[in-house]
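Biologist: I'm new to this one. Could you take me through the surroundings of the ligand, slowly and closely?

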Amino acid sequence: MAGIGGIFRRKSVAQIQAEHEHGELKRSLGALNLVLLGIGCIIGTGIFVLTGRAAAQWAGPAIMISFVITGLLCAFVALCYAELASALPVSGSAYSYTYTSMGEIVAWIMGLLLLLEYGLAASTVAVGWSGYFVSLLQNMHIVIPATLSTAGPIKDATGAVIGQGIVNIPAIVVIGLVTALLTVGVSESATVNNIVVFIKLSVVIAFIGIGSFYVHPALWHPLVPAQIPAPPAGTPMDMGHQIWRALVDVVSGSKATRYGIGGVIHGAAVIFFAYLGFEAVSTAGAESRNPAKDMPIGILGALVICTILYIATSAVLVGIVPYASLDNPAPIAVAVNQIGLPWFAILVKIGAIAGLSSVMLVLLYGQTRIFYTMSRDGLLPSSLAVVHPRFKTPWINTIIVGVAAAAAAGFMSLDALAELSNVGSLAAFCIVCVTVIYLRFHNPGLARPFRTPFFPVTPILGTIMCLVLLMSLMAVTATRNFFLIYLGVGILVYFAYGMWNSKLGKGLAVEGHEAEPMELPGGEEP
Ligand code: ALA
């Protein structure tokens, strides 16, 4: 136990590598596997659902520009991740990187942010899954009432609110199923990941290819629709909101409004969700054959491919359907129906359902392993690291994560979930960029097989862009209040529990891992 100064205690690089030695993974992944691993985690609810909603609510046809902005941001962050992954090639996440560099309290905060990034993202994807599932059932003349398949507002085809949902039952059920699979130890193999990636890519590329014949360029004009104030015109803003809004205006040079430049920036912050997952490649550092070369190719390769596909998909989407009509649970299917290809709409729905299922599996898996590592470190109760004797999975932890994710998916709206998940991820990415700068000065001798190019410009630009999008999201009062209260309570929990129970603080060694190693799909075979 240590005094308050102990909150910045750090694990040494040697220590963190030794802890993972016990579960040493095979170095079997080449660059192509890493690219596929990344695409498997990236393509999901963001492109299948949020693109339409962000176009309708925030950016209009300029959603294409939003994708460019966010793609650029992710490239900066990805280069930072690649440096950390090559210098600290342990399986794990940004939590481990911060524990060795910035110290325990920052690692704890990173853990809190990753809970939003992985846990709430899984709920977000479940709500997207539910939209496509309900829509597919409708094709089979099975109707689940809107009140029981959404927790957010119910909208008509023009985006006008016509009611309020109560609970999203399909989203709860699918999280339950995924949790059950994870509890008994089913994680995705490389083969399954490759099949799912193939399905997702086929659906997206077919949509772009077929859809491009039906694009009406007139729908792209005006590219940036005229700005209207948000929240809805005339709604008075409280003082805190006004001050925050002013700050956002100063930093971003725009207003977090519907449409206009502010809308494009806010749209970028919303569809940022579509890119989440590229950093999962970095967690496979210990399994990569040649991390120095393959990691950057894996992370950037997946990112570049997805960025191109996203820009093309969004351009086709808003070129087929007037953007205002895209505020729908299954917007890509709406566009396909519009061009009169009902069979293709069904294929899109099946592809989306398969693709989103695998993203959920990976996200929930990642969350349970982050809790597992934090519990092994003594920052969370030891029950979260208890491994089931037969299934060899951290089952208590998995069930707790599953119940929490199901509750969020069942009772929160898609917009709120995606925005909170993005806030957590943007803050986490910001810390990653700062960690790269910090480590370069604090530990210049650390072997870095891959070095972020154009240092310090790259991490500085990454940090600034993350902050701008973060502030745009925080201009929404509910998001800001939730996030600040969440962080505040989370930090209090550290002072009440983690600080006193930290194994590092007590001078205890963290033994090697006994559960399934922290691996993501693709970790089993080349
Ligand atoms: N990027 C992933 C998705 O869009 C999380 O579902």
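Modeller: Sure, and a word on classes to begin with: Ala, Val, Leu, Ile, Met, Phe, Trp, Tyr, Cys and Pro count as nonpolar, Asp, Glu, Lys and Arg as charged, and the others, Gly among them, as polar. By that scheme, the shell around the ligand holds six nonpolar residues, three polar ones and no charged ones. Keep in mind that this is a predicted model, where local features need pLDDT of at least 70, side-chain atom pairs count only at pLDDT 80 or more, and totals for chains, interfaces and linings use all residues. Numbering runs from 1 along each chain as its sequence is written, and side-chain values use heavy atoms, with hydrogens and water left out.

So who's in that shell? C41, I42, G44, T45, G46, V125, F273, A274 and L276 surround the ligand, "near" being a heavy atom within 4 Å. Now the polar backbone atoms: one of T45 sits 2.7 Å from an oxygen atom of the ligand, and one of G46 is also 2.7 Å from a ligand oxygen. On the nitrogen side, a ligand nitrogen lies 2.8 Å from a polar backbone atom of L276. On its own the ligand would expose 220 Å², and the protein buries 100% of that (accessible areas by the Shrake-Rupley method, 1.4 Å probe). As for elements, α2 (31-42) and α3 (45-59) are the ones giving two or more residues to the shell; helices here are DSSP runs of H or I, at least four residues, numbered from the N terminus.

Methods
A polar contact is a pair of N or O atoms within 3.5 Å; within protein, one must be able to donate a hydrogen and the other to accept it, and residues adjacent in sequence count only if both atoms are side-chain atoms.
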